[in-house]
Amino acid sequence: MKRITIAILFGLVAGLICASGAFYGHILKFSVVALVWILLNRAVMGFVIGISGLKVHWAWNGAIIGLVVGAVSSYSLLMNAGLILLPVVNFFVNALFGLMIEFFTTKVFKQPAMSAPPTVANIAVHV
């Protein structure tokens, strides 16, 4: 439960960073709906990272889930803005946000996924 909470909180932080860049950079026009959409998408990304059971390295876990969950926001941008560079850039930036959420959850706050592959130190202890 602690891992999920931390991941959601960092998802919201990622949402604030994303929204700040989008609004101050005049990429998106500010509206409450746009802000809530960005925050919700990143919070869901954090939640999915928090509950993830993928048996991959933590960095891949964050990047993969960032791409998959963030694809919803990229698709939304594609439908609203059209076929421009923004949805494509957003798709790949989602991997960076997922990686950031996973890094802070796993490495900084020491809350690895329950099914994470064993580290070298754990393997050496059991041999």
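Which helix supplies the largest share of the lining of the largest pocket? In this predicted model, the answer is α2, which contributes 6 residues to that lining.

## Helix α2

Helix α2 covers residues 32-51, a run of 20 residues. From its first C-alpha to its last, α2 reaches 28 Å, close to the 28 Å expected at 1.5 Å a residue.

Several positions of α2 are buried, namely A34, I38, N41, R42, A43, M45, G46, I49 and G50. An α-helix has 3.6 residues a turn, so residues three or four places apart point the same way. The buried residues of α2 pack against three other helices: α1 (2-24), α3 (58-81) and α4 (85-108).

## The nonpolar core

The largest nonpolar core has 16 residues. Those that touch the most other members are A14, F23, I38, M45, I49, F97 and I101. Each of α1, α2, α3 and α4 supplies at least two residues of this core, and the greatest contribution, 7 residues, is made by α1.

M45 may serve as an example of how a buried residue of α2 is surrounded. Leaving aside residues up to four places away in sequence, M45 touches I65, G66, V69, G70, N94, F97, G98 and I101. Two of these neighbours, F97 and I101, are themselves listed with M45 among the core residues that touch the most other members.

## The largest pocket

The largest pocket holds about 480 Å³ of space. It is lined by 23 residues, of which A22, L28, I38, L77 and N90 are the closest to its centre. I38 is also a buried residue of α2 and a member of the largest nonpolar core.

As with the core, several helices take part in the lining of the largest pocket: α1, α2, α3 and α4 each supply at least two residues. What classes of residue make up this lining? There are 15 nonpolar, 7 polar and 1 charged residues.

## Two loop residues with positive phi

Two residues other than glycine deserve separate mention for their backbone angles. H26 has a phi near 60 degrees, a positive value, and lies in the loop between α1 and α2. K110 has a phi near 50 degrees, also positive, and lies in the loop between α4 and α5 (120-126).

Are these two residues buried or exposed? The relative accessibility of H26 is 71%, and H26 therefore counts as exposed. K110 likewise counts as exposed, because its relative accessibility is 60%. The cut-off that applies to both is that an exposed residue has over 50% relative accessible area.

Notes:
Residues numbered from 1 in each chain as written. Predicted model: local features only at pLDDT ≥ 70, side-chain atom pairs only at ≥ 80, totals over all residues. Heavy atoms only, no water. Helix = DSSP H or I, 4+ residues; strand = E, 2+ residues; numbered from the N terminus. Expected span 1.5 Å × (residues − 1). Buried < 20%, exposed > 50% of the residue type's maximum accessible area, 1.4 Å probe, protein only. Contact = heavy atoms within 4.5 Å. 1 Å grid on protein atoms, 1.4 Å probe; cavity = no way out; pocket = protein on both sides within 12 Å on 5 of 7 lines; lining within 4 Å. Points joined across faces, edges and corners; volume = space filled by probe spheres on them. Nonpolar A, V, L, I, M, F, W, Y, C, P; charged D, E, K, R; others polar. Core = buried A, V, L, I, M, F, W, Y, C linked by side-chain atoms within 4.5 Å.
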